[in-house]
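I opened the model and kept notes as I went. The entries below follow the order in which I looked things up.

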Amino acid sequence: MTFDGSLIIDSLPRLMDGLWITLRLYVLALTCGTTLAIALVLMRISSKKYLSWPVMGYIYFFRGTPILVQLFIIYYGLPQLEFIRTGPLWTFFREPFFCAWFALTLNVAAYTAEIFRGGILGVNSGLVEASKALGMTYTQTFRKVTAPIAFKLSLPAYSNEMISVLKATALASTVTIFDVTGVARKIVAETFAPYEIFLSAAIIYLVLAWVIQNGVRHLERRISRYAN
Amino acid sequence: MQEIINWSDEFLAGAMVIIQLFFVSLLMVIVWGLLGATAKLSNSRIARGIANGFTVLCRGIPEFLLLLIVYFGSAVTLTNIARSWDPEIRFMDIPPFWAGAFAISLVIGAYATETFRGAFLGIDKGLVEAAKALGLTRFQVFWRLRLPMMWRLALPGFGNHLLSLLKDTALVSVIGVQGILFTAQQATTVNHKPFTMYLTVAFIFLALSTVIVVTMKCIEKYAYRHLEAAR
């Protein structure tokens with residue numbers, strides 16, 4: 001068993017190409033998913049059942065099934081439907097990158113909505129009552145009191161979700177996308193040197209996860225600079 | 001609908017594979033979790049270092065990549081060893097089922113170390129001191145006091161790990177384990193109804209998740225049965 005160091009150096013440029021795709025997928029899915037999550041959580045906490053129940057079902061489905069299965073439904077499954085294959089949407093759904101982004105975004109939205117809901121429920125009800133007593137409307141209270149505090153409370157759980165999404169991007173390689181994992185699988189298929197290549201890919205993910213974790217810790221410290 | 005009925009036997013067999021994989025991994029997760037938590041709480045700096053390193057690695061690397069490392073890595077090593085005996089051998093691997101169960105258990109096990117560690121820390125120190133004062137040995141304190149107390153505190157977190165574990169079992173279809181996702185892939189090549197087939201897989205997972213959630217609720221109720229009267 002030999003460990004071939006030069007193989008790692010030779011495959012670095014290709015892994016970096018993969019890193020670019022991983023990063024693009026990651027940032028797009030995280031930002032769009034989080035935006036969608038804000039809309040979802042507003043519906044979820046609504047007292048109107050026709051708003052909250054569909055969102056509950058949506059969250060239940062996406063949190064209860066593996067991302068890989070969701071991805072397969074979207075990428076391999078949707079073309080079975082006539083209106084997708086013949087309609088204008090086909091331009092998007094035949095692109096593997098779009099499908100991976102779509103699946104991850106829907107997934108992020110479901111998990112993040114639930115995290116934000118936890119944050120909103122964690123806001124001290126005394127604060128909300130105080131804002132009401134001050135004559136603030138429901139919208140004002142939500143924007144100026146509930147939302148900022150809820151965001152702060154959600155951050156630790158949200159940072160875990162950020163790491164989970166990073167790890168989930170690796171699944172994109174199952175639908176022919178050459179992200180870091182996809183490139184690594186291709187190189188391993190050519191060279192049959194799994195240790196060298198897969199471990200290099202693993203280090204790339206570890207570094208990314210480390211950067212994300214530290215970034216969030218920084219943000220957390222900044223947000224809570226008034227507390228304690 | 002007819003397609004699902006045609007493949008129902010295969011789906012059932014696939015579900016059995018998934019469930020077996022789940023329980024095999026679960027046993028390993030508990031072992032990793034207890035070992036890791038004990039190491040993290042020990043006085044030995046080396047044990048703490050190893051446990052912390054293990055956690056960082058297994059939580060930072062994508063589950064899917066870890067699975068590939070475990071399966072293909074072990075296959076190459078085994079093949080090389082086998083070739084040194086008999087150069088005729090072309091390929092040798094750990095059965096994908098076991099490689100998959102092992103890889104998944106590493107990931108969830110890493111998360112479980114943290115949950116168990118938190119739960120061990122949550123035990124009232126006075127109880128441990130009282131047990132020691134009563135003359136219980138270290139093993140007795142662990143077996144009769146720490147473990148049952150810890151278990152109760154770890155339940156909510158552990159329930160979430162079980163859900164992640166179940167969902168991670170979908171990944172092993174990539175290395176050829178014949179779970180439900182693999183069944184759907186095969187069915188699709190025959191009947192060209194990928195949407196129906198993969199949606200069926202999703203609903204089987206959803207049903208299994210629901211079973212886990214309900215079971216955990218019951219176990220939690222059982223764990224806190226002594227407080228039932230007080231409530």
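**Membrane annotation.** I began with the UniProt record, an unreviewed entry, which places the feature "transmembrane region" at residues 20-43, 55-78 and 192-212 of chain A. UniProt positions are in the numbering used here, feature names are shortened, and annotations may be inferred rather than shown by experiment. I then checked two of these spans in the predicted model. For residues 55-78 of chain A, I found 88% helix and 0% strand, with 22 Å between the end C-alpha atoms. For residues 192-212 of chain A, I found 90% helix and 0% strand, and the end C-alpha atoms lie 32 Å apart. Helices (H or I, at least four residues) and strands (E, at least two) are DSSP runs, numbered from the N terminus.

**Ground rules.** I noted that residues are numbered from 1 along each chain as its sequence is written, and that chains are lettered from A and ligands numbered from 1 in the order in which they are written. In this predicted model local features need pLDDT of at least 70, side-chain atom pairs count only at pLDDT 80 or more, and totals for chains, interfaces and linings use all residues, while side-chain values use heavy atoms, with hydrogens and water left out.

**Confidence.** I looked up pLDDT, the predictor's confidence in each residue, from 0 to 100. Chain A has a mean of 91, and 98% of its residues reach 70 or more. Within chain A, confidence is lowest in helix α4 (residues 82-86), at a mean of 83, and highest in helix α6 (residues 96-122), at 95.

**Chain A overall.** I counted ten helices and zero strands in chain A. Its C-alpha trace spans about 70 × 55 × 25 Å along the principal axes. Of its 228 residues, 47% count as buried; buried means under 20% relative accessible area, exposed over 50%, partly exposed in between (1.4 Å probe, protein chains only). I also looked at contacts, meaning heavy atoms within 4.5 Å. Among the contacts in chain A with a separation of 6 or more, 77% are between residues 24 or more positions apart.

**Salt bridges.** I used the rule of a side-chain nitrogen of Lys or Arg within 4 Å of a carboxyl oxygen of Asp or Glu. The count is seven salt bridges over all chains.

I looked first at A:R85 and A:E82, whose closest N and O atoms are 3.3 Å apart. These two are three residues apart in helix α4 of chain A, so about one helical turn separates them. A:R85 is partly exposed, at 37% relative accessibility, and A:E82 is exposed, at 51%.

A:E114 and A:R117 form another salt bridge, at 3.2 Å between the closest N and O atoms. Here too about one helical turn lies between the partners, because they are three residues apart in helix α6 of chain A.

Which residue does A:K167 pair with? Its side chain meets that of B:E63 in a salt bridge (3.9 Å, N to O). This pair crosses between chains, from helix α8 (residues 138-168) of chain A to helix α4 (residues 63-85) of chain B. A:K167 counts as buried, at 3% relative accessibility. I also noted a network in which salt bridges with shared partners join A:R14, A:K186 and A:E190.

**Interface of chains A and B.** I found 35 residues of chain A in contact with 41 residues of chain B. The area buried between the two chains is about 3200 Å², and carbon and sulfur atoms give 78% of it. Buried area is the accessible area (1.4 Å probe) that two parts lose on being put together, summed over both. A:Q80, A:K167 and A:F198 supply 19% of the area that chain A buries against chain B, more than any other three residues.

The count of salt bridges between chain A and chain B is one. Ten residue pairs are in polar contact across this interface (both at pLDDT 80 or more). A polar contact is a pair of N or O atoms within 3.5 Å; within protein, one must be able to donate a hydrogen and the other to accept it, and residues adjacent in sequence count only if both atoms are side-chain atoms.

The elements of chain A that give two or more residues to the side touching chain B are α2 (49-64), α3 (67-77), α8, α9 (180-191) and α10 (194-223). The largest share of that side, nine residues, comes from α10(A).
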